[in-house]
Amino acid sequence: MNYTEELKNYLDEQGRVKEWPSKRNKGKFQKLVLEYLASKFEVGTIYTEKEVNALLNGHHTFGDPAMLRRELFESGLIDRKRDGSAYWRNLQN
């Protein structure tokens with residue numbers, strides 16, 4: 001998918017998410033932003049919470065990696081151990 005074109009209003013010149021989309025359009029752009037961010041995770045790699053935050057911070061500018069991490073998990077795009085010690089990208093996404 002061409003996220004750059006679909007998300008042109010939400011990405012800066014470096015391809016970083018510059019704002020969290022509103023719920024307009026039934027959350028379509030929120031879902032696209034989450035898919036875009038999930039695509040930055042390597043399949044088969046286990047990440048610590050700190051590594052997830054660093055990865056997300058490299059791809060957004062509004063300073064809320066915890067919200068993005070939570071949204072990615074709740075949408076099923078990434079999974080985690082119950083204690084939050086390990087995160088990974090789900091294979092089906």
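This section describes the helices, strands and selected residue environments of a predicted model.

According to the UniProt record, an unreviewed entry, the annotation "domain: DUF2087" covers residues 16-89. Within the model, this span is 41% helix and 8% strand, and its end C-alpha atoms lie 19 Å apart.

Helix H2 (28-38) is mostly covered, with eight of its 11 residues buried. These buried residues are Phe 29, Gln 30, Leu 32, Val 33, Leu 34, Tyr 36, Leu 37 and Ala 38. Their packing partners are helix H1 (3-6), H3, H4 and E2. The loop between H1 and H2 holds Pro 21, which counts as buried because its relative accessibility is 1%. Among residues beyond four places in sequence, Pro 21 touches Tyr 10 as well as three residues of H2, namely Phe 29, Gln 30 and Val 33. Between Pro 21 and Leu 32, 11 residues apart along the chain, the C-alpha separation is 9.6 Å.

The loop that connects H2 to H3 contains Val 43. With a relative accessible area of 44%, Val 43 is partly exposed. Apart from residues up to four places away in sequence, Val 43 touches Arg 89 and Leu 91. Val 43 and Leu 56 are separated by 13 residues in sequence, and their C-alpha atoms by 16 Å in space.

Three aromatic pairs are found in a search of the whole structure. One of them joins Phe 41 and Tyr 47, whose ring centres are 5.2 Å apart; the planes meet at 85°, so the arrangement is edge-to-face. Both members of this pair are buried, Phe 41 with a relative accessible area of 2% and Tyr 47 with one of 9%. A further aromatic ring, that of Phe 73, has the charged end of Arg 80 over it, at 4.5 Å from the ring centre.

In helix H3 (49-57), the buried residues are Val 52, Asn 53, Leu 55 and Leu 56. Because these residues cover an arc of only 165° around the axis, they lie on the same side of H3. In an α-helix there are 3.6 residues a turn, so residues three or four places apart point the same way. The buried residues of H3 pack against H2, H4 and strand E2 (87-89).

His 60 occupies the loop between H3 and helix H4 (65-74). At 4% relative accessibility, under the 20% limit, His 60 is therefore classed as buried. The side chain of His 60 has polar contacts with the backbone on either side in sequence: the backbone oxygen of Leu 56 is reached at 2.7 Å, and the backbone nitrogen of Asp 64 lies 2.9 Å from a polar atom of the His 60 side chain. When neighbours within four places in sequence are left aside, His 60 is in contact with Arg 16, Val 17, Pro 65 and Leu 68. Of these contacts, Pro 65 and Leu 68 also appear among the buried residues of H4.

The buried residues of H4 are Pro 65, Met 67, Leu 68, Arg 69 and Leu 72. They pack against H2, H3, strand E1 (78-80) and E2. H4 is followed by Gly 76, which has a positive phi, near 85°.

Strand E2 includes Tyr 87, a residue that counts as buried because its relative accessibility is 4%. Beyond four places in sequence, Tyr 87 touches the run of residues Thr 45, Ile 46, Tyr 47, Thr 48 and Glu 49, together with Val 52, Arg 69, Ile 78, Asp 79 and Arg 80. These contacts include Tyr 47 of the edge-to-face pair and Arg 80, the residue placed over the ring of Phe 73. The side chains of Tyr 87 and Arg 69 are joined by a polar contact of 3.4 Å; Arg 69 is itself one of the buried residues of H4. The C-alpha atoms of Tyr 87 and Glu 71, 16 residues apart along the chain, are 13 Å apart.

Definitions and conventions. Residues numbered from 1 in each chain as written. Predicted model: local features only at pLDDT ≥ 70, side-chain atom pairs only at ≥ 80, totals over all residues. Heavy atoms only, no water. UniProt positions renumbered as here; feature names shortened; annotations may be inferred. Helix = DSSP H or I, 4+ residues; strand = E, 2+ residues; numbered from the N terminus. Buried < 20%, exposed > 50% of the residue type's maximum accessible area, 1.4 Å probe, protein only. Polar contact = N/O pair within 3.5 Å; in protein donor to acceptor, adjacent residues only side chain to side chain. Contact = heavy atoms within 4.5 Å. Phe/Tyr/Trp six-rings, centres within 6.5 Å; stacked < 30°, edge-to-face > 60°. Lys NZ or Arg CZ within 6 Å of the ring centre and 35° of its normal. Arc of directions from axis to C-beta.
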